[in-house]
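Biologist: I am new to this protein, and I would like to go through its model with you slowly, one question at a time. Could you show me the sequence and the structure before we begin?

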Amino acid sequence: MKKVSLVSLGCSKNLVDAEEMMGLLEDNGYELVTDEADADIMIVNTCAFIDDAKQESIDNILDIAWFKENKSLKGIIVTGCMTERYREAVLEEFPEVDAVLGVGSIHKIVEAVETVLANAEKILNLIDRIPLRSSIFIGTGITIAIILLFYLRILNEYTAKWCGIIAAIALFT
């Protein structure tokens with residue numbers, strides 16, 4: 001049975017994504033281990049929200065790269081925000097990294113692990129871009145539009161009507 005270890009950095013969303021990836025891996029027969037020295041594959045679920053988080057992600061990738069160069073680690077997969085924003089740079093700057101998955105691609109973790117274990121080429125195409133108008137952004141946009149409308153309604157009823165029309169067009173086009 002192949003062994004996988006996962007390091008999750010950053011926010012609670014990353015923790016949820018990590019748990020989902022671990023569940024998918026377990027469901028597909030992979031053993032999850034906590035000791036990097038025992039793993040065949042290491043997954044680093046990165047954060048890039050602030051500079052300190054980016055640096056922590058970089059430091060973890062470099063630490064894990066040591067296991068690949070000096071121990072029996074077969075592959076490194078980097079997931080999360082950092083790969084969503086800087087996927088080409090991650091693959092260029094860290095030649096030890098075998099695959100990257102963005103935040104919209106965690107459902108492809110089993111495919112990535114299997115491909116890396118089969119010694120395939122680096123996987124750049126496993127990043128599914130999150131559409132700009134995903135439910136998260138639409139919900140946020142609606143909330144902002146409502147707050148803006150209430151504010152403008154206080155200032156001028158005529159302005160509020162036009163802003164409401166513009167906000168609706170922007171949200172639903």
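Modeller: Here they are, and please keep in mind that this is a predicted model. A good place to begin is strand β4, where both faces are covered: Gly-75, Ile-77 and Thr-79 on one side, and Ile-76, Val-78 and Gly-80 on the other, are all buried.

Biologist: How many of the residues of strand β4 are buried?

Modeller: In a regular strand the side chains alternate between the two faces of the sheet. In β4, Gly-75, Ile-77 and Thr-79 are buried on one side, while Ile-76, Val-78 and Gly-80 are buried on the other. The strand, which covers residues 75-80, is therefore largely enclosed by the rest of the structure, and the number of its residues that are buried is six of the six.

Biologist: In what order do the strands of the sheet stand?

Modeller: Strand β3, residues 41-46, runs parallel to β4 and is joined to it by six bridges, and β3 also pairs in the parallel sense with β1, residues 3-8, over five bridges. The sheet is open and is formed by five strands with parallel pairing, in the order β2-β1-β3-β4-β5.

Biologist: Which strands stand at the edges of that sheet?

Modeller: The order of the five strands is β2-β1-β3-β4-β5. A strand at an edge has a single partner strand, so one side of it is left without a neighbour in the sheet, and the strands in that position are β2 and β5.

Biologist: Which residue of β4 stands opposite Met-42?

Modeller: Met-42 belongs to β3, where Ser-5 stands opposite it. Towards β4, which is joined to β3 by six bridges, the residue that stands opposite Met-42 is Ile-76.

Biologist: What pattern does the protein follow when it is read along the sequence?

Modeller: The protein holds six helices and five strands, and buried residues make up 40% of its 173 residues. Read along the sequence, these helices and strands follow the pattern β-α-β-β-α-β-α-β-α-α-α.

Biologist: Is Asp-17, which forms a salt bridge with Lys-13, buried or exposed?

Modeller: Asp-17 and Lys-13 both lie in helix α1, residues 12-27, and they are four residues apart, about one turn of the helix. Their closest N and O atoms are 2.7 Å apart, and Lys-13 is partly exposed, with a relative accessible area of 40%. Since buried means under 20% relative accessible area, Asp-17, at 7% relative accessibility, counts as buried.

Biologist: How many residues apart in sequence are the parts that Lys-74 and Asp-40 tie together?

Modeller: Lys-74 is partly exposed, with a relative accessible area of 40%, whereas Asp-40 is buried, with a relative accessible area of 11%. The two form a salt bridge in which the closest N and O atoms are 3.1 Å apart. Lys-74 lies in the loop between α2 and β4 and Asp-40 in the loop between β2 and β3, so the pair ties together parts whose separation in sequence is 34 residues.

Biologist: How many salt bridges does the structure hold?

Modeller: Side chains of opposite charge can pair when their charged atoms come close. Besides the pairs already described, the side chains of Arg-87 and Glu-88 meet in a salt bridge at 3.4 Å, N to O; Arg-87 counts as buried at 17% relative accessibility, and Glu-88 is partly exposed, with a relative accessible area of 39%. These pairs are among the salt bridges of the structure, whose number is five.

Biologist: What charge does the surface patch that includes Glu-56 carry?

Modeller: Glu-56 has its place in helix α2, residues 51-70, and at 40% relative accessibility it counts as partly exposed. Together with Asp-52, Asp-59 and Asp-63, Glu-56 forms a surface patch that is negative.

Biologist: How far apart are the C-alpha atoms of Leu-101 and Gly-80?

Modeller: Leu-101 lies in strand β5, residues 99-101, and it is buried, with a relative accessible area of 0%. Gly-80 is one of the buried residues of β4. Although Leu-101 and Gly-80 are 21 residues apart along the chain, their C-alpha atoms are separated by 6.8 Å.

How values were computed:
Residues numbered from 1 in each chain as written. Predicted model: local features only at pLDDT ≥ 70, side-chain atom pairs only at ≥ 80, totals over all residues. Heavy atoms only, no water. Patch = residues over 30% accessible without salt bridge, like charges linked within 9 Å, V, L, I, M, F, W, Y side chains within 5 Å. Areas by Shrake-Rupley, 256 points an atom, 1.4 Å probe, with all protein chains shown as cover. Salt bridge = Lys/Arg side-chain N within 4 Å of Asp/Glu carboxyl O. Lys, Arg positive; Asp, Glu negative; His and termini not counted. Charge placed at Lys NZ, Arg CZ, Asp CG, Glu CD. Helix = DSSP H or I, 4+ residues; strand = E, 2+ residues; numbered from the N terminus. Buried < 20%, exposed > 50% of the residue type's maximum accessible area, 1.4 Å probe, protein only. Pairing = 2+ DSSP bridges.
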